[in-house]
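These are my notebook entries on one structure, set down in the order in which I looked things up. The sequence and the coordinates come first.

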Amino acid sequence: MLTQTQQHLSTLEEYRKLEETADFRSEYHDGEIIAMTGGTINHNRIIRNLGRVLGNLVRGKEYEIFLSDLRLWIPAYRRGFYPDVMAIAGKPILNEDRKDEVLNPSLIVEVLSNSTRDFDRGKKFRFYRSIPTLREYLLIDQYEYSVEQYVKNESEKWIFQEYESADANVSLVSLEVEMLMSDIYEGVTFEDEVTE
């Protein structure tokens, strides 16, 4: 006879308390705490490159770049995520005055892995689209030159664009800047990457 174990759902307060002292990060999915997997060398190289390049491109502008240690809270779905990169226009809006949860990115970037690519393109993007300030979503493949870009236009429709050339210019509409594909992938070696 099979028995079904009952899943324990955690309150948001329990989750936040765990996150403050945890040795690793977890996401919050409406009561469910999901441990995050570690990143690969290429994943980390791409995030490092984006932080450096975007930081330089927006210097003196109203945008601030945040890397993967800052939690994004999505009230409509009661979800807490750690996007790989976020850009916020103006001042960060803190959720409940917490210093570790923001509500207002204008750009979100996720570096795709084999284990997360379907979720990042599907449900996670649906959750992200509920953020009123979000204007652009970038998905970067760590295994080949490939950047998928979704931009919300004036009619509130999401427009898709793809970049696959190593010498392409990626135009970030939300930040009003352009960056080279070669800057995104600097130091990335596809043949050395072990797929997950």
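**Entry 1. Strand 1 and its sheet.** I worked from a predicted model. I began with His29 and looked up its bridge partner in strand 5, which is Arg79. Strand 1 covers residues 26-29 and strand 5 covers residues 79-81; I found two bridges between them, and the two strands run antiparallel. I then followed the pairing outward and obtained an open sheet of five strands, in the order 2-1-5-4-7, with mixed pairing. Its edge strands are strand 2 (32-35) and strand 7 (101-102), each of which pairs on one side only.

I next asked what helix 1 lies across. Helix 1, residues 12-21, lies across strands 1, 2, 4 (71-74), 5 and 7, and it runs at about 175° to strand 1.

**Entry 2. Strand 6 and its partners.** I turned to strand 6, residues 85-89, and noted that four of its five residues are buried. Which strands does strand 6 pair with? Strand 3, residues 63-67, is joined to strand 6 by five bridges, and the two run antiparallel. Within this pairing, I recorded Ile88 of strand 6 as the bridge partner of Glu64. Strand 8, residues 107-112, is joined to strand 6 by three bridges, again in antiparallel fashion. There I recorded Val85 opposite Val109 of strand 8.

**Entry 3. Salt bridges.** I searched the whole structure and obtained nine salt bridges. I wrote out several of them.

Arg52 forms one with Glu186, with the closest N and O atoms 3.1 Å apart. Arg52 lies in helix 2 (residues 41-57) and Glu186 in the segment after helix 5 (181-184), so this pair ties together parts that are 134 residues apart in sequence. I checked the exposure of both partners: Arg52 is partly exposed at 37% relative accessibility, and Glu186 is partly exposed at 42%.

Lys124 forms a salt bridge with Glu110, and here the closest N and O atoms are 3.3 Å apart. Lys124 belongs to helix 4 (residues 123-129) and Glu110 to strand 8, and the two are 14 residues apart. Are these partners buried or exposed? Lys124 has a relative accessible area of 5%, so I entered Lys124 as buried. Glu110 has a relative accessibility of 3% and is therefore also entered as buried.

Lys152 forms a salt bridge with Glu156, the closest N and O atoms being 3.6 Å apart. I noted that Lys152 is buried, with a relative accessible area of 12%, whereas Glu156 is exposed at 55% relative accessibility. I also noted one network, in which salt bridges that share partners join Arg71, Arg98, Asp100 and Glu101.

**Entry 4. Phe160.** I located Phe160 in strand 11, residues 158-163. Its relative accessible area is 41%, and because the partly exposed class lies between 20% and 50%, I recorded Phe160 as partly exposed. Which residues does Phe160 contact, leaving aside its neighbours within four places in sequence? I found Glu148, Gln149 and Tyr150. For Glu148 I also looked up the separation from Phe160: twelve residues in sequence, and 7.3 Å in space from C-alpha to C-alpha.

Key: Residues numbered from 1 in each chain as written. Predicted model: local features only at pLDDT ≥ 70, side-chain atom pairs only at ≥ 80, totals over all residues. Heavy atoms only, no water. Buried < 20%, exposed > 50% of the residue type's maximum accessible area, 1.4 Å probe, protein only. Pairing = 2+ DSSP bridges. Contact = heavy atoms within 4.5 Å. Axes fitted to C-alpha atoms, helices over the stretch in contact; angles between N-to-C directions. Salt bridge = Lys/Arg side-chain N within 4 Å of Asp/Glu carboxyl O.
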